[in-house]
Amino acid sequence: MTGAEAEDDVPLGERKTVTDFCYLLDKSKQLFNGLRDLPQYGHKQWQSYFGRTFDVYTKLWKFQQQHRQVLDTRYGLKRWQIGEVASKIGQLYYHYYLRTSETSYLNEAFSFYSAIRQRSYYYQVNKEDRPELVVKKLRYYARYIVVCLLLNKMDLVKVLVKELSEEIEDYTQRFNTEDQLEWNLVLQEVAAFIEADPVVVLNDGSNSVFVTSNRLQEGSVPPLEQGMVVGQLVLADALIVGNCNNQVKFSELTVDMFRMLQALEREPVNLATQTSKQGTLEPSEKPAKRENPHKYLLYKPTFSQLYTFLSASFKELPANSVLLVYLSATGVFPASHLDYEAGPYDFGGVLTNTNRDVVNGETVQKRNQAQKEMHCLHPGDLFAFTRKPLFIIVDSSNSAAYKNFSNLFGQPLVCLLSPTVYPKSVQDQAQRGSLFTLFLYSPLLAFSSVCGVNSVRRGLWDRAQDFLQKVFRDIGQMITRSRSIDQAFLQFFGDEFLRLLLIRFVFCSAALRLHKLFRESRSFPESYPELPKQDTVESGVLQKHVLELAAMLDAQSLFWDDALESY
């Protein structure tokens with residue numbers, strides 16, 4: 001209450017309104033702060049707590065709407081405080097998306113973040129002499145940008161980055177703070193992230209950029225042939241690990257992680273925001289069934305963290321379900337040459353973070369030549385998890401270590417492995433994301449990139465996408481009709497996400513095998529178990545398709561076509 005008024009002069013009803021508001025505000029902060037103490041893994045423990053937090057914020061939001069006038073005059077409610085509540089609700093929805101992988105909650109987060117900007121809730125912050133309030137505004141911008149990136153709203157991202165840049169400049173000039181470098185780094189990271197795609201699609205008739213979405217869309221997965229018997233397994237859980245040195249990243253998401261998480265999601269639909277205006281919260285409204293596999297996003301995890309999340313996923317994996325492990329990480333190579341019968345810990349693997357893994361109070365510096373690298377996920381480390389259906393993707397300079405896998409328990413198991421050596425022109429672009437992951441995320445973007453194309457007109461892009469759909473149908477039939485293919489591939493083929501990944505993998509392998517710059521076998525993707533090459537990646541029909549697509553992009557001279565002389 002304002003000090004100018006004696007408490008006795010305030011009507012009882014209005015006093016109760018202020019008291020109730022203060023209670024809801026305190027309760028909401030208390031619950032929100034408690035979210036960080038919840039376990040990050042496991043599907044069940046957090047849900048009731050999130051539900052309670054949503055309920056309190058729903059009440060708080062509606063309460064301040066209904067009693068705005070009283071709260072303005074008797075409590076001195078400021079617009080930035082309303083903005084703070086809206087921002088917290090946006091964060092709740094975003095974290096709900098991270099916990100459930102339901103992309104519809106991204107739209108809910110977006111609607112609240114968008115309203116904060118449209119209604120200028122934080123506008124007055126710059127007039128107050130309180131740097132901590134300006135930091136709240138800057139953090140809001142950073143969070144809003146992450147949500148816009150995930151929703152592919154690139155035009156808006158560019159506008160927000162410009163606004164954030166101006167806000168940072170104003171903040172650092174006014175307060176002479178120590179975190180100026182930190183905020184400038186945020187700007188650099190997001191700028192690099194926006195520029196990561198190697199090819200842009202331009203609208204016909206103008207040079208404006210057309211933003212493509214690479215999430216799973218209705219009709220984008222080649223259907224199964226009638227009567228085709230494939231496995232009924234469903235992709236239920238995915239670990240997406242990013243630990244590449246020097247790869248572009250923003251907010252603990254590397255470019256590879258960002259691409260792979262979208263490859264494992266359906267195109268989002270709006271929930272409440274389709275029918276109601278911003279401001280009415282319906283956190284209990286959930287999709288009828290879970291559309292997307294649940295994901296854990298692990299940026300530079302230690303071995304301990306990675307193993308903990310793996311174990312939690314493994315433990316909670318439902319029957320007839322698949323666990324996918326995606327590793328985008330720097331390769332770790334064995335210390336000595338192998339001249340004996342080698343085991344699953346003798347080939348190296350991929351790097352895990354060393355920062356927080358401490359042994360006996362200090363990190364171990366020196367290793368005996370015979371000892372194995374400790375901060376590394378070796379193929380043998382995953383053996384225990386092959387007791388259930390496991391689908392592994394390794395994008396690394398030492399992905400070949402995972403060729404030496406063993407299926408000890410007879411469960412479905414497939415490893416898709418990146419090339420380990422790239423031509424210099426491709427290697428120079430590695431900081432902006434791996435070519436292999438780009439093929440799994442957007443095959444046409446990746447193919448255009450290896451064709452040396454920087455931009456494609458919208459009309460040509462659409463025609464090439466339509467052609468690629470036909471190619472993918474053919475690849476699907478090659479896989480299901482092959483008589484020598486390992487059954488593991490077919491057991492995973494019933495799931496739409498895994499089917500598309502397998503088809504894109506075969507397309508990637510075929511395209512790189514025909515490309516003149518990819519000269520050695522280490523530049524081709526591999527798999528465990530091996531695919532029958534003549535039926536798939538070296539099929540004459542598929543090679544013809546690759547050359548036709550190259551011709552559409554006017555890049556056929558980059559590909560060998562002598563393989564087709566006998567076609």
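This briefing walks through the fold of one protein chain, from overall figures to single residues.

The model is predicted. Its chain has 17 helices and 13 strands. An open sheet of six strands is the main topic below. Buried residues make up 54% of the 567 residues in the chain.

**Confidence**

- The pLDDT averages 88 over the chain, and 90% of the residues score at least 70.
- Residues 1–5 have a pLDDT below 50. Beyond near neighbours in sequence, this stretch has eight contacts in the model.
- Residues 356–366 also have a pLDDT below 50. Here the model shows 13 contacts beyond near neighbours in sequence.
- Where pLDDT is low, the predicted coordinates should not be read in detail.

**The chain as a whole**

- Take the contacts between residues at least 6 apart in sequence: 76% of them join residues at least 24 apart.
- The accessible surface comes to about 26,300 Å². Carbon and sulfur atoms account for 48% of that surface.

**The six-stranded sheet**

- The strand order is β5-β2-β6-β10-β11-β13, and the pairing is mixed.
- Strands of a sheet pair through backbone hydrogen bonds, either parallel or antiparallel.
- Which strands stand at the edges? They are β5 (294–299) and β13 (526–528). Each has a single partner strand, so one side of each is left without a neighbour in the sheet.
- Neighbouring strands of this sheet are turned by 10 degrees against each other on average, direction ignored.

**Strand pairs**

- β2 pairs with β6 in the parallel sense, over nine bridges. In this pairing, Val234 has Ser321 of β6 as its bridge partner.
- β2 also pairs with β5 in the parallel sense, over six bridges. Leu239 has Tyr296 of β5 as its bridge partner.
- β11 (residues 413–417) and β13 run antiparallel, joined by three bridges. Cys415 has Tyr528 of β13 as its bridge partner.

**Helices on the sheet**

- Helix α10 (residues 303–316) packs on the sheet. Helix α10 touches β2 (234–243), β5 and β6 (321–329). The direction of α10 makes about 175 degrees with that of β2.
- Helix α16 (residues 496–514) packs on the sheet too. Helix α16 touches β2, β6, β10 (390–395), β11 and β13. The direction of α16 makes about 45 degrees with that of β11.

**Buried places**

- How many of the 10 residues of β2 are buried? Nine are, so β2 is largely enclosed by the rest of the structure.
- Is Glu84 buried or exposed? Glu84 is buried, because its relative accessible area is 14% and the cut-off for buried is under 20%.
- Glu84 is found in helix α4 (residues 79–100). Leaving aside neighbours within four places in sequence, Glu84 is in contact with Tyr122 and Lys136.

**Cysteines**

- A disulfide is a covalent bond between the sulfur atoms of two cysteines.
- The structure holds zero disulfides.
- Cys244 counts as buried, because its relative accessibility is 16%.
- Cys376 counts as buried at 1% relative accessibility.

Methods: Residues numbered from 1 in each chain as written. Predicted model: local features only at pLDDT ≥ 70, side-chain atom pairs only at ≥ 80, totals over all residues. Heavy atoms only, no water. pLDDT = per-residue confidence, 0-100. Contact = heavy atoms within 4.5 Å. Pairing = 2+ DSSP bridges. Helix = DSSP H or I, 4+ residues; strand = E, 2+ residues; numbered from the N terminus. Axes fitted to C-alpha atoms, helices over the stretch in contact; angles between N-to-C directions. Buried < 20%, exposed > 50% of the residue type's maximum accessible area, 1.4 Å probe, protein only. Areas by Shrake-Rupley, 256 points an atom, 1.4 Å probe, with all protein chains shown as cover. Disulfide = S-S within 2.5 Å.
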